[in-house]
Amino acid sequence: MTRINLDLSGERWQMERMRPGQGVKEGLHLLPAEYQGTHFSWNFAKVPGDVYSDLYRANEIDDPYFGRNMHRAKWAAEYEWWYSRRFALPNEMQGKKIRLVFEGVDYSCEVWLNGQYLGRHEGMFSEFEFDITEAASFADWRDGSNMLMVKLDPPPKNYRNCGGKKVNFSGDYFSGLVPFGIWRPVRVEATDIVSVKDIRTDVKVTAQTSATVKAQYTLINHTDTAQQVTVVSQLHGKNCETGEYVAEAKLTVQPGETTLDAEIDVPDAKLWWPWDMGDQNLYDLNVIVNQDGQELDATKETIGLREVTMDYNPGYTRDEAEYPWTFFINGKRHFLRSACWGGQPSFLYGQNSLSKYEKRIQMVREANINNLRIFGWHPPEIPDFYRLCDELGITVWTNFTLATQAYPEDEAFINGVLHECVETVKQRRNHPSNIFWMGGEEVFFSGAHEESGNKRLMEVIGESVAQYTDVPYGLASPLSSESAQNMGFKAHESIHANEHYYQGGAEFMEEYYPALDCCIIPELTAASAPSIESLKKFIPQDEMWPMGPSWAYHWADIDILKNLNFEVFNDYKMGSLEEFVEATQIAQGTVIQFALETYRRRKPKMSGVALCHFITHVPDIKWGVVDFYGEKKISFDYLKRTYQPLLPSLEFSKRRWDAGSNFHANLWLVNDYQYLLEDLTLEWQVLYQGQATECNGSITQSVKVDSATQLATIDWQVPSGAQGEFEIALSLKDRSGKEVANNHYVLLIGNQEQAKQQSLAYLAQAQERLERHGHCIYRYWPEMWDNE
């Protein structure tokens, strides 16, 4: 065995609170690995995890997610927290170079082993390690002779100073609680005199069934003298039948780091594709270091043979959009039916698990999503996330954690950000699912941003990460906000389609979404309440209904939700908790259907759209079609139907149609598949009061590869005196009569302009609350402010 790993993760850690600076004064860093030492009665803790989850388990705080408890836990961030771990080393590690490896600590820490100071680290995303060859003990003591002490500093409170280096914790869906902890695994790793530190692979697809893998290895010579070694690269199928391809190189490795380039031609390549474009073929790349016939090190990386390129969106001049926004995988266009991931599954890392990831990412695939966008308010995801996306064929757009701030311009800050971004790339670059990197989220979004150095920071990040990956990079999103245009960006690059929601009724969906004109929409918001069973898990019973302050504490924009219900139903749906919750989920689904179909019909001029969000990382009454507890909302079904790769779609201009008027709509067929579909028949039927009307029809046509085509129109005379709703049902069948896709719409009979005026009147009342209280969550309960 050439490389030996000892995983220190698990439940054997212990923790204690100290006032800042007090731990070292009292000598906690010098505690030996005693069986019943000072640490014996410390709380037990879990790694990976976070401080709050450990405190909740120890009954020192109440459930942070229940009611308004997050603010009650803020005291924990005022202290330093000492984490200890006793362990024994296997005898097989003796004689090797031994390193203590931390895959991630949020946010800054100092580390000691057996009383010896190892060092300090700052930055949540970068892996760091210490040479413990001399400090390690192999003595045979009960429960181990090694005592690891980690001091977590109180976390930063000003996100502006740690953006790019830590997950965001401020904004309109955060409580201000600052997460921190040992959030990634810790291990001891022992290797021989020469080891492989990391692997980079870039793939060039040279033909439909051939590819070249360009690999780069960083080798570490742990000695003080040059070493002659042979490095063998072996590439073979992991989940597919392939041959084995081998490359071999002999070289002299000088003390320290040496870089080796290797190239492997694969003439009968089995390519990796997104799930709606082909198979998810994966390969194992084994890298072996030999010296004089003896194996010094061996490691493995799973990769996919895929190449990502980008091109300009047709229909826009370079004066309108100067950046390419169309994604190509292996030379074929990949329209992004995307969702902003909204994770991790839990904002508090200690509550995450592999099973939660597996369940939620499987639901992503079920919803017909082919891309997930991790934007800057959320951390780049853990390796298992990308592995699951590799296996399921879901591409990933990964932002760095720079969001909504005017960032400092000093060299120390920029260098810290660049280090974290580069390390983020190095850890994830070999996953075929990761197809795009991005610098910032809403960093060209305000007057303060216009005057800041944000633009140069995003450019420098792009220049830096380009040295470590050939996956494309984008500066930021959106690039066509008012401030971004003031900074010189073009008007039709990217837009965040969030104002229909945040305007709270100023524009109906049929006014707002069609008016946006850009290459890509990386964010489109729609909100709802989770199920009543889920609400019971985080809303106190006495605040459930009528709604109490915990609703707004969990981000319910109550005025917006009510007015959105009115827009969709012509009714605020406030008769009961059950009625309100169901209505919000249907309303969210209705917005999803209308907006996403609007942009899908515009391909190829538009190249993608992302719903914000798929899940949420705390219990909330806002985003997500899957709630915090992993339960699907009704809106999930709307999304699943709207994101069918083969989609019959109805284009209409308004939601309400007067009795006696002529309803007019266009019928479209959108095909995201990479193959021709022949002799498909689209059938349509208008229903009123649940009964079929005389308005129906069908059309048979072949559907082009990767296309959006208008096929026909529908005209129906709404009966005089009609009330309520009417429906349009679409069914797409193949030549055998089998249904291959369907769609369904519910529209209202009524006057659109009158409804708009009522929406504006309610919005005026909501604005009065905002003017008095600002965005304070307690503005809905004026009695909380009364002193009477």
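At what angle do helix α14 and helix α15 pack, and how far apart are their axes? In this predicted model, helix α14, which covers residues 558–569, packs with helix α15, which covers residues 577–600, at an angle of about 65 degrees, and the axes of the two helices are 9 Å apart. Since angles of 65 to 115 degrees count as roughly perpendicular, α14 and α15 are therefore described as roughly perpendicular to each other. The crossing of α14 and α15 is left-handed. On the side of α14, the contact is formed by Leu 561, Lys 562, Leu 564, Asn 565, Val 568 and Phe 569, and these residues meet Phe 580, Ala 583, Thr 584, Ile 586, Ala 587, Thr 590 and Val 591 in α15. By character, the residues of this contact between α14 and α15 divide into 9 nonpolar, 3 polar and 1 charged.

The loop between α14 and α15 contains Asn 570, a residue other than glycine whose phi nevertheless has a positive value, near 65 degrees. Asn 570 counts as partly exposed because its relative accessibility is 43%. A positive phi, of about 50 degrees, is also found at Asp 706, which is likewise not a glycine. Asp 706 is placed in the loop between strand β33 (691–703) and strand β34 (707–717), and its relative accessibility is 10%, so that Asp 706 counts as buried.

Two peptide bonds in the model are described next. The bond from Trp 545 to Pro 546 is cis, with omega near 0 degrees, and Pro 546 lies in the loop that runs between α12 (532–535) and α13 (549–553). The bond from Cys 612 to His 613 is also cis, again with omega near 0 degrees, and His 613 has its place in the loop between β28 (608–612) and α16 (634–642).

Helix α8, formed by residues 454–465, allows a check of helix length: at 1.5 Å a residue, its 12 residues should span 16 Å, and the C-alpha atoms at its ends are 17 Å apart, which agrees with that expectation. Within α8, the residues Asn 454, Leu 457, Met 458, Val 460, Ile 461, Gly 462, Ser 464 and Val 465 are buried. An α-helix has 3.6 residues a turn, so residues three or four places apart point the same way. The buried residues of α8 pack against two helices, α6 (411–428) and α7 (447–451), and against the strands β24 (434–441) and β25 (473–477).

Methods: Residues numbered from 1 in each chain as written. Predicted model: local features only at pLDDT ≥ 70, side-chain atom pairs only at ≥ 80, totals over all residues. Heavy atoms only, no water. Axes fitted to C-alpha atoms, helices over the stretch in contact; angles between N-to-C directions. Helix = DSSP H or I, 4+ residues; strand = E, 2+ residues; numbered from the N terminus. Parallel < 35°, antiparallel > 145°, perpendicular 65-115°, else oblique. Left-handed = near helix turned anticlockwise from the far one by under 90°. Contact = heavy atoms within 4.5 Å. Nonpolar A, V, L, I, M, F, W, Y, C, P; charged D, E, K, R; others polar. Buried < 20%, exposed > 50% of the residue type's maximum accessible area, 1.4 Å probe, protein only. Expected span 1.5 Å × (residues − 1).
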